[in-house]
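Let's take a walk through this structure together. Have the sequence and the 3D view open side by side, and we'll go from the whole to the details.

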2 protein chains.
Amino acid sequence: MRQNEKISPAVIRRLPRYLRALEDLENSKAERISSGELSKLIGYTASQIRQDLNHFGGFGQQGYGYNVKDLKAEIEKILGLGTQYRMVIVGSGRLGQAINSFISSYSDDFRVISLFDVKEDLIGKEKSGVLIRDVACLEEYLRENKPDIGVITVTKEHAQEACDKLIAGGVRGIWNFAPIDLEGSPDIPMENVHLSDNLHSLVYYINHPEQI
Amino acid sequence: MRQNEKISPAVIRRLPRYLRALEDLENSKAERISSGELSKLIGYTASQIRQDLNHFGGFGQQGYGYNVKDLKAEIEKILGLGTQYRMVIVGSGRLGQAINSFISSYSDDFRVISLFDVKEDLIGKEKSGVLIRDVACLEEYLRENKPDIGVITVTKEHAQEACDKLIAGGVRGIWNFAPIDLEGSPDIPMENVHLSDNLHSLVYYINHPEQI
């Protein structure tokens, strides 16, 4: 990355898509790929792909294309993968459990170290090998265990409180699934997955197929 | 909407955000709101909000702002809410169950009419009042029940097959949670929720806080 260059969020959001394509290519034993072939695979134009990757140094060679393994390693490095991020999930209902289950089977780069809930019938149980603790102990747990990422899967009404505690407890990033825009901290990145927004966009396009 | 006007996907994706803000405003008994106040609430500029809404006819009045209830009703109408969308979920593991649970408590506009799975210990069970059926019966079920939306929560390996069957069975839209880009149909909208992409973007910003 060129120093002090601010990279547009749209570019950043395309990097994980490149990574998925390169993982598939590696699994199918492909050794190299041109930006044209990559373009066919993921639907961005070859010129966009070259521009995106140029922000980070290019990595391609004229007439050869990209080495699949090397480019994958470079993108992992840019993203900051290859180290383990320890996560806590606040809210152990179905969604919290689904995220926990997803993480446990997804990649060694991510590990859920504790679930939290307010419900007595959940506290003390294990899900995918992870203990559900009383949310009343969240602050103490954060102080002692310093997780990297806090995941919010509680209801809209309790999400801001969870967010405040996670940030006060020193997490480095927030992954929010509650259907509300939370007030975070300017230094702490927050990613939102708003399922209802996604579903509403889908419904719009169902009703306006000419706009697809 | 002006006839034949193609509205940018970015505008469409902001509409659900407006809707959420207006729901909150309605719940807090607000009757009207200026684009400036709406801007403070959701973080888009007032000029962007006015531009976005102008695509659909404006709805605001100089010096008065927007009537909360009316604007909410207009956005619901634009999106196509106010009618019930019947959904099937292919994949009844934790994620499928989490989506089912989310939909059942979310809004009367959406109703899951069946879950599907391949696992014998799941088939025949009910989750949030919805029966899990054998995925071998999916095609017949689609023919007989004509659901509007097909949700894909199976593994990456089985996602394309589920997608093909849903489209052949006549669904009007696909909501895909499998971490793969599926080949759909040009007429059938598809929304993707790629959790791993989201998590990777978060990790990037954790490692590049200067880029937030």
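We'll start with a single chain, move on to the sheet and the core, and finish with how the two copies meet.

Keep in mind from the start that this is a predicted model. Chain A has 212 residues, and 39% of them are buried. Its C-alpha atoms fit in a box of roughly 60 × 45 × 35 Å along the principal axes. Going by secondary structure, you can pick out eight helices and nine strands in chain A. The chain is split into domain 1, covering 9–78, and domain 2, covering 85–197. Between the C-alpha centres of these two domains of chain A there are 32 Å. What share of the contacts in chain A with a separation of 6 or more comes from residues 24 or more positions apart? That share is 54%.

Now to the sheet, which we'll look at in chain B. Seven strands form an open sheet with mixed pairing, in the order E5-E6-E4-E3-E7-E8-E9. At the edges sit strand E5 (126–127) and strand E9 (190–192) of chain B, each with pairing on one side only. Further in, strand E3 (residues 85–90) and strand E4 (residues 110–117) of chain B run parallel and share six bridges. If you want a spot to look at in that pair, find Ile89(B), which faces Leu115(B) in E4(B). Helix H8 (residues 195–207) of chain A packs on this sheet, where it touches E3, E4, strand E7 (149–152), strand E8 (173–176) and E9 of chain B. The direction of H8 of chain A makes about 160° with that of E8(B). Chain B adds a helix of its own: H5 (residues 94–106) also packs on the sheet, with E3, E4, E5, strand E6 (130–134) and E7 of chain B among its contacts. The angle between the directions of H5 of chain B and E4(B) is about 160°.

Back in chain A, take a look at the end of the sheet around E6. Strand E4 (residues 110–117) of chain A runs parallel to strand E6 (residues 130–134) of chain A, and three bridges join them. Here Leu115(A) is opposite Ile132(A) in E6(A). Strand E5 (residues 126–127) of chain A pairs with E6(A) too, but in the antiparallel sense and over two bridges. One of the residues to look for is Glu126(A), whose bridge partner in E6(A) is Leu131(A). The hairpin of E5(A) and E6(A) has two residues between the strands, and Ser128(A) takes a positive phi near 50° in that hairpin.

What about the nonpolar side chains? In soluble globular proteins, they tend to be buried together. The largest nonpolar core here has 115 residues, and Val90(A), Ile152(A), Val90(B) and Ile152(B) touch the most other members. Leaving aside residues up to four places away in sequence, Ile152(A) has contacts that include Val90(A), Ala159(A), Cys163(A), Ile174(A) and Phe177(A).

Finally, how do the copies fit together? A turn of 180° with a shift of 0.0 Å along the axis lays chain A on chain B, with an RMSD of 0.0 Å. The two copies are therefore related as by a two-fold rotation axis. How many residues does each chain bring to the contact? Chain A gives 49 residues and chain B gives 49 residues. On the side of chain A that touches chain B, the elements giving two or more residues are helix H1 (9–27), helix H5 (94–106), strand E8 (173–176) and H8 of chain A. H8(A) provides the largest share of that side, with 13 residues. Since 100% of the interface residues of chain A are also interface residues in chain B, the copies meet through the same surface.

Note on methods: Residues are numbered from 1 along each chain as its sequence is written. Chains are lettered from A and ligands numbered from 1 in the order in which they are written. This is a predicted model: local features need pLDDT of at least 70, side-chain atom pairs count only at pLDDT 80 or more; totals for chains, interfaces and linings use all residues. Helices (H or I, at least four residues) and strands (E, at least two) are DSSP runs, numbered from the N terminus. A residue is buried if 20 or more other C-beta atoms lie within 10 Å of its own, exposed if 12 or fewer, and partly exposed in between; C-beta atoms are placed from the backbone. Two residues are in contact if their C-beta atoms, placed from the backbone, lie within 7 Å. Domain bounds come from an automatic or database domain assignment. Copies are superposed by least squares on the C-alpha atoms of residues with pLDDT of at least 70 in both. Two strands pair if DSSP finds at least two bridges between them. A nonpolar core is a set of buried Ala, Val, Leu, Ile, Met, Phe, Trp, Tyr and Cys residues joined through C-beta atoms within 7 Å. Axes are lines fitted to C-alpha atoms, for helices over the stretch in contact, and angles run from 0 to 180 degrees between N-to-C directions.
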